[in-house]
Amino acid sequence: MNWCYFAIMKLKIASLLFVACVPTLCAAQQQRPGHASEWVRLSGAQVRLVALPVDPSGPDAWQSAGVEIRLEPGVKTYWRAPGDTGVPPTIDFSPSQGVRELTLDFPAPVGFDDGAGGMAIGYRETQIFPVRFKLEKPAEPTSTGGGFFSRKVEAPPPPVPPKLEMNIEFGICTKNMCVPAQAKAALPLGGGTLEAALGDRIAAANARVPVRQKVGAPGAVGISSVHVRRKAGMAEIEVAARVGNDTGTAGLFIEAKETLVAKRTDAPIGGSVVFRAKTADPADGKLGEARITLATDKGAVDVLVDLDAAARRP
């Protein structure tokens, strides 16, 4: 009797262990792979191209790829608007083949001391800069000849195998020195090294790209209001923002005639956190349009604002 009891208990325990392992196995199976070019090794950083497997649903389907920059500890690189100092990255995809409508996005950045008394904007960790594009449409057959009976239909040329290729220039910066770096990389779509879970990392980078909103749009993360106050030749830009349950890392960056890193204050307005930044009032009195980016650990958004209109609001 005792032997039977222990045998049954062993079977039950084994069944429970198997069931407990199934979610882990499923999670492993659900990892999205991605293709990658070889790393280009530089002093302080490495760079390569990465891409999801090609979406076969047609030439109008958006394809997903990225530029990955791996930074060594203590090294930084910069956003599209680097702040007071720094080198904005420039990436030229014109050597690519068989692709169209290519766009490059920037994940939400952070602000940091530039080592020269100013504020810089960029990244202190490895980043994937998302790239979206479509495949070239296949060529149509062509016809030659004047008459109906003499017209000839010629088959289109074979499609060019799609390939991403780039020339990149970016800053590799330590605390006291910033060195411009250059690299080239190419990745035939569907080629390169296939890496497990690389697709998940590309998707995560896309999720860190700020979502375009309007001022006052609802949501846990967003920009509630923008006001500009002018006094003694200066313009103070005040932004009330909702940062969700952010742990204090939220940053706000203003791209206008100059790029500003706004300072977070403790003064709440309608339950929002307040950021302020000052800039010289232009001689012509026109502050122009600004792109304001709010970056939090709960998500990122950006808005377009007419600062002159914001200055006229009560």
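I looked up Asp 302 first and found it in strand β24, residues 299-306 (strands are DSSP runs of E, at least two residues, numbered from the N terminus). The model is predicted, so I noted that local features need pLDDT of at least 70 and side-chain atom pairs pLDDT 80 or more, while totals for chains, interfaces and linings use all residues. Residues are numbered from 1 along each chain as its sequence is written, and side-chain values use heavy atoms, without hydrogens and water.

Is Asp 302 buried or exposed? Asp 302 counts as buried, because its relative accessibility is 2% (buried is under 20% relative accessible area, exposed over 50%, partly exposed in between; 1.4 Å probe, protein chains only). I then checked its contacts (heavy atoms within 4.5 Å). Beyond neighbours within four places in sequence, Asp 302 contacts Pro 210, Val 211, Arg 212, Gln 213, Arg 291, Ile 292 and Thr 293.

Next I turned to the largest nonpolar core (buried Ala, Val, Leu, Ile, Met, Phe, Trp, Tyr and Cys residues joined through side-chain atoms within 4.5 Å). It has 32 residues, and Leu 49, Val 67, Phe 133, Met 166 and Ile 168 touch the most other members. Strand β13 gives the largest share, five residues. Met 166 touches, among others, Val 47, Leu 49, Val 67, Phe 93 and Ala 185, leaving out residues up to four places away in sequence.

Last, I traced an open sheet of three strands, ordered β5-β9-β8 with antiparallel pairing (two strands pair if DSSP finds at least two bridges between them). β5 and β8 (110-113) are the edges; each has a single partner strand, so one side of each lacks a neighbour in the sheet. I found three bridges between β5 and β9, and Thr 77 has Tyr 123 in β9 as its bridge partner.

Note on methods: Helices (H or I, at least four residues) and strands (E, at least two) are DSSP runs, numbered from the N terminus.
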